[in-house]
Number of protein chains: 2
Amino acid sequence: MALKIACGQMEIVPGRPDLNTKKILQLIGLAQKESVDILVFPELSVPGLLIGDLWEQTAFLKDCETYGQQIIAATQGITVVFGNVATDWKRKNKDGHVRKYNAAFTAQNGKLIPTEQGLDFVAKTSLPAYREFDDPRYFSGQEMLLKDKRISLKNGMGSVAVTVHGNKFKLGIMLCEDGWTENYPLSVPAMLKLGGAELLCNLSSSPFTLHKNSKRHYLFGNQAKELHLPLIYCNQTGIQNTGKNIYTFDGQSCVYGSDGMVKVAAPMFEEKLLTFSWDKETAKIRAYSAEDELITTEDDEIAILYRTIRYGTQNFLKQTGIKRMVIGASGGIDSAVTAALFTDILGPHQVLLVNMPSRYNSELTKNLAQKLAENLGCCYTIVPINDSVSHTVEQLYTPIHNYTTNRDFKVELNGVMYENIQARDRGSRILAGFSAAFKGGISCNANKAEITVGYGTFYGDLTGLFCPLGDLWKHQVYALGRYVNEYVYKRKVIPEPVFQIRPSAELSREQTVGNGGDPLIYEYHDYLLRAFVENWEKASPAEILKHYIDQDLEGFLGCKEGIVAQLFPSHAAFCQDLERWYNLFTGLAVAKRIQAPPVLSLSKRAFGTDYREAQMTTYYSLEYKEMKEKLLVQERLF
Amino acid sequence: MALKIACGQMEIVPGRPDLNTKKILQLIGLAQKESVDILVFPELSVPGLLIGDLWEQTAFLKDCETYGQQIIAATQGITVVFGNVATDWKRKNKDGHVRKYNAAFTAQNGKLIPTEQGLDFVAKTSLPAYREFDDPRYFSGQEMLLKDKRISLKNGMGSVAVTVHGNKFKLGIMLCEDGWTENYPLSVPAMLKLGGAELLCNLSSSPFTLHKNSKRHYLFGNQAKELHLPLIYCNQTGIQNTGKNIYTFDGQSCVYGSDGMVKVAAPMFEEKLLTFSWDKETAKIRAYSAEDELITTEDDEIAILYRTIRYGTQNFLKQTGIKRMVIGASGGIDSAVTAALFTDILGPHQVLLVNMPSRYNSELTKNLAQKLAENLGCCYTIVPINDSVSHTVEQLYTPIHNYTTNRDFKVELNGVMYENIQARDRGSRILAGFSAAFKGGISCNANKAEITVGYGTFYGDLTGLFCPLGDLWKHQVYALGRYVNEYVYKRKVIPEPVFQIRPSAELSREQTVGNGGDPLIYEYHDYLLRAFVENWEKASPAEILKHYIDQDLEGFLGCKEGIVAQLFPSHAAFCQDLERWYNLFTGLAVAKRIQAPPVLSLSKRAFGTDYREAQMTTYYSLEYKEMKEKLLVQERLF
């Protein structure tokens, strides 16, 4: 006899057990109406996953328990598996705080169903401590739980036997990371199989990362195939954050058949009660609705990125209660894409573009900013900053009295100072003023290349509520701009010249459109910097130089061929450029990132909690220094 | 026969194996000259501890290995125990990165001395994952190492047998957290004793926390006493940071005799080769110099705080290469203490105080700022902000064009907006301008009470290089001010009225000195907020309200008796105040902290890496809501 099973792909609000329980109870009610036999929810569906150190607050933990009891009580005629924190008030974690487990509870007919080992819940075994994950900070693992109960590991993994329509079924329950078995000494799914599991359930709370979905299909599909067991992957939707990073949770719950193929799948970023049938005898998984069989193939990368940024941004605005946005519009690509994004989400009346020209801004870019506002139909104003900048400069020349020497002196201003005065005047004086008065958040328009090397001014263009494009390299921002015109607005809201002009901050005579531009040459530096940040074994100057010497740097970085020779007339010039950016990346840029707005995370490595940093002095390895010296001596000789 | 042993209490520069190795080799040379038999260095003395995700960079790890070899090669005639990262290039950590251990190596006569189990090093067993520590993110533990080598735990703890002057001695080696045995299932020191250790060595990298030293004396002293073994505690000096937090390392290395008493101790914050003799037969530990027997008793709390802040600040400035500071001087206590601190460190010529009056600043506070500068002998200037603020307001009234309706409109400004315009004008326009032109860092003068509830303006008074007083409650800032006058300058550099006036931001007519002040009543809120942040089980509104109802809130919070009744005329007023600050603490203040400057950490819980936070919506527990409702119904009835 086939069972009717469902995944409760739901939006989880971190830190709000009240709201999450309400949603869970609604979905249970819906499932009961649809005669679902077994309903699975995501990991930590009651408390949420990324709640910082709120895990230490007793009142919060107690409420999670209480709400968990409400869920258990609501399981008349249905079996429900849900994620919650399990607190053992009598024991302690290693840090001395009360013992907590990231747990999955199973309930039926108003009662808890213990595991086959007699435990109230299954605890997460593999506690990730990488990227944004800090599980060992808060949770003890399944191994610790079993040790305390003197249950041997072999007998103790998460098997729960449930009786449905008079028949017994063994569920093999695991939590998120338990399924990512690549580097853990223990394979939880294999142990579940050994324990007699007939159906694997992975309760997840897995943030979106570009290309993660295909990796998961590969890994989880193989798991199901090798173990000859169907595998339910139940993920959440919504957003959660770690302070410095905002994460989207893409849902995309699905069921792998015992042949490793995806049989049923829920959509990206949508709540859904995904129902399907499972026949234990034939091991068949079947969708009830044809649309659930439509497995979303990995869309075009840029399409996925836009969808994710839009979803994350929209939800972050909703969470923070922000209904309007203020954007500094320079006529460049970053602010143009940002403006188009917010207009798409909030509507044109809710978006204010402010162009703040100084004497260095060209007519070209000023017109482009205006044209953009016109195309989007949003609110627009021009506030020149010349007078204010002059006034500031004048005031900075106010005599300073030295009370030790009893003499007056004045400071001197140079070009860079003058540039930064302009940037801060725009960010902290005008945009922040409009932010309050227009009741909108400021968008920080920085991209990842700028953030990597700190090409941005403290309290200037680094102001903002958050940074929606901060995890995109400049070439991705351009591609997103093209996508926005072609697929979102289906017309050229971002004027064509925005794609053509050389990016420039327009803060000095030397640095204007048509007359010099950004010091970053994105066709090369985008890729160099990406290797520093995103490469699995973070590329160091030594590796970069080695590839340069071996003449395969462009292949290693993934940038266009010939560009290295084109940019650098000599080895010395190459090294100078490399060190310039590595010094900034590991130096001043770190200080800037510490005070930068949160970044919407998209890539496999976003600055913030995902990429932890200390302010240090820059270090070059022995190998780099040797290679460089040899190379430069050679160059000088020949 | 007694051995001559030494602790190499050294300053470690995080991420600089080159500099650290140089220092280690110098100390080895010195110890060789002094005929030291065994020399112990701190944990991770080659790479440093708080280096963020630099642990993932291969070039860095390779260099640590190379420098480790240099240290081993330099051990002619001496036994050296030092901390370094041990990389197993063939294995992986659970996250898939190369396997790393936080390790202690022992070397003698140019050769590595393996452990009694034949391993090249002792690995740290207890990997802390709380406060600022992220050990499991980077390191595998001793248990994993032994498992892979198929060595049972019982036989495998860190015993290293060294032969000195023809006699064998068994050192029991552990790393930092291994000695903090309170909540770990395994007691490393007890295991070492079981393994036959005759002398315990704890290699530490332990940041300063107020009152930690007495706790350590209690814990480590008992350990030595119970195991009847002398215990060497070798800690580092210097500063390290996690981005958001700057930590001082206080040194204070010492040796506990087998009676649990401290026999020899190195000073706080100073590098020192601390030598002593150990007689295995009599178990006696003896200092060579009488001054090393002077155990620093816990000084006055404020004296210790000043010393720590001074050391941390001085070193952070040194590391970042900043020789001058710019301070907004309002005439209030926070900026006065900050100015005195930086003048003490940098000298008066290097400190610029800027008073930036608007129409709301009183003659009283303006005069106090000037008097402070005069007393300190530092540089001083007055830059009024009236004109600029008026200009900004005028510019914000620029018509805005709505390109959908094709109509113009204007924003409206209210009082709070006007207040924040002033704050940002000071921070981002004037101070940031002077910061560049005077070539000095901006000091953020915020205290912990302000940071807790976000009482400060984005890009206004929250600008700065770092926040030296950010981990002090307002009453501690006052006490520090008194201390500075009495003990540092020995004269009233901070004028007496600064201590007497009610704190006020002076940003509006309602909020001037003598006419209202800060909304925080520090005599109460300092302590309420401290309970939210620093209590071991973070106090929630439910616990606060329970204590209020039980009429022991003042005792629970540690504030002065009678103040609660004095401040709150009704239960409703009490709850309203509680919720006002809890809403801010868990709401907007989190957003501000994400972009706030780094905080110098002093307490057992500083905002930042030590206290991780997500932006969420505020949650009140069921118990709180019930208690409150009952209380307010009661109040309405009677």
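**Exercise 1. Find out how much area is buried between chain A and chain B, and which residues of chain A supply the most.**

Step 1. Start with the term: buried area is the accessible area (1.4 Å probe) that two parts lose on being put together, summed over both. Between chain A and chain B that comes to about 9,700 Å², with carbon and sulfur atoms giving 56% of it.

Step 2. Now look at chain A's share. Arg137(A), Tyr403(A) and Tyr619(A) supply 8% of the area that chain A buries against chain B, more than any other three residues.

Step 3. Count who takes part. Contact means heavy atoms within 4.5 Å, and here 119 residues come from chain A and 119 residues from chain B.

A word on the ground rules: this is a predicted model, where local features need pLDDT of at least 70 and side-chain atom pairs count only at pLDDT 80 or more, while totals for chains, interfaces and linings use all residues. Residues are numbered from 1 along each chain as its sequence is written, chains are lettered from A and ligands numbered from 1 in the order in which they are written, and side-chain values use heavy atoms, with hydrogens and water left out.

**Exercise 2. Work out what sort of polar links join chain A and chain B, and what the chain A side is made of.**

Step 1. Try salt bridges (a side-chain nitrogen of Lys or Arg within 4 Å of a carboxyl oxygen of Asp or Glu). There are six salt bridges between chain A and chain B. Arg612(A) and Asp134(B) form a salt bridge through their side chains, at 3.0 Å from N to O.

Step 2. Sort the residues on the side of chain A that touches chain B: 56 are nonpolar, 38 polar and 25 charged. For this sorting, Ala, Val, Leu, Ile, Met, Phe, Trp, Tyr, Cys and Pro are nonpolar, Asp, Glu, Lys and Arg are charged, and the others, Gly among them, are polar.

**Exercise 3. Is Ser621(B) buried or exposed, and what does Ser621(B) touch?**

Step 1. Place the residue: Ser621(B) sits in the loop between strand S23 (599–600) and helix H22 (622–637) of chain B. Helices (H or I, at least four residues) and strands (E, at least two) are DSSP runs, numbered from the N terminus.

Step 2. Get the cut-offs: buried is under 20% relative accessible area, exposed is over 50%, and partly exposed is in between (1.4 Å probe, protein chains only). Ser621(B) has 6%, so this residue is buried.

Step 3. Skip residues up to four places away in sequence, and Ser621(B) touches Ala59(A), Asp63(A) and Ala542(B).

**Exercise 4. Check the span of helix H1 of chain A, then see what its buried residues pack against.**

Step 1. The expected span is 1.5 Å times one less than the number of residues. For the 17 residues of H1 (residues 17–33), that's 24 Å, and the end C-alpha atoms are 24 Å apart, so the two agree.

Step 2. Buried residues of H1(A) include Ile24(A), Leu27(A), Ile28(A) and Ala31(A). An α-helix has 3.6 residues a turn, so residues three or four places apart point the same way.

Step 3. Among the partners that the buried residues of H1(A) pack against are strand S1 (2–9) and helix H2 (58–73) of chain A.

Step 4. After H1(A) comes Ser35(A), with a positive phi near 55 degrees.

**Exercise 5. Decide how exposed Glu523(A) is.**

Step 1. Glu523(A) belongs to helix H16 (residues 522–534) of chain A.

Step 2. Its relative accessible area is 42%, so Glu523(A) is partly exposed.

Key. Polar contact = N/O pair within 3.5 Å; in protein donor to acceptor, adjacent residues only side chain to side chain.
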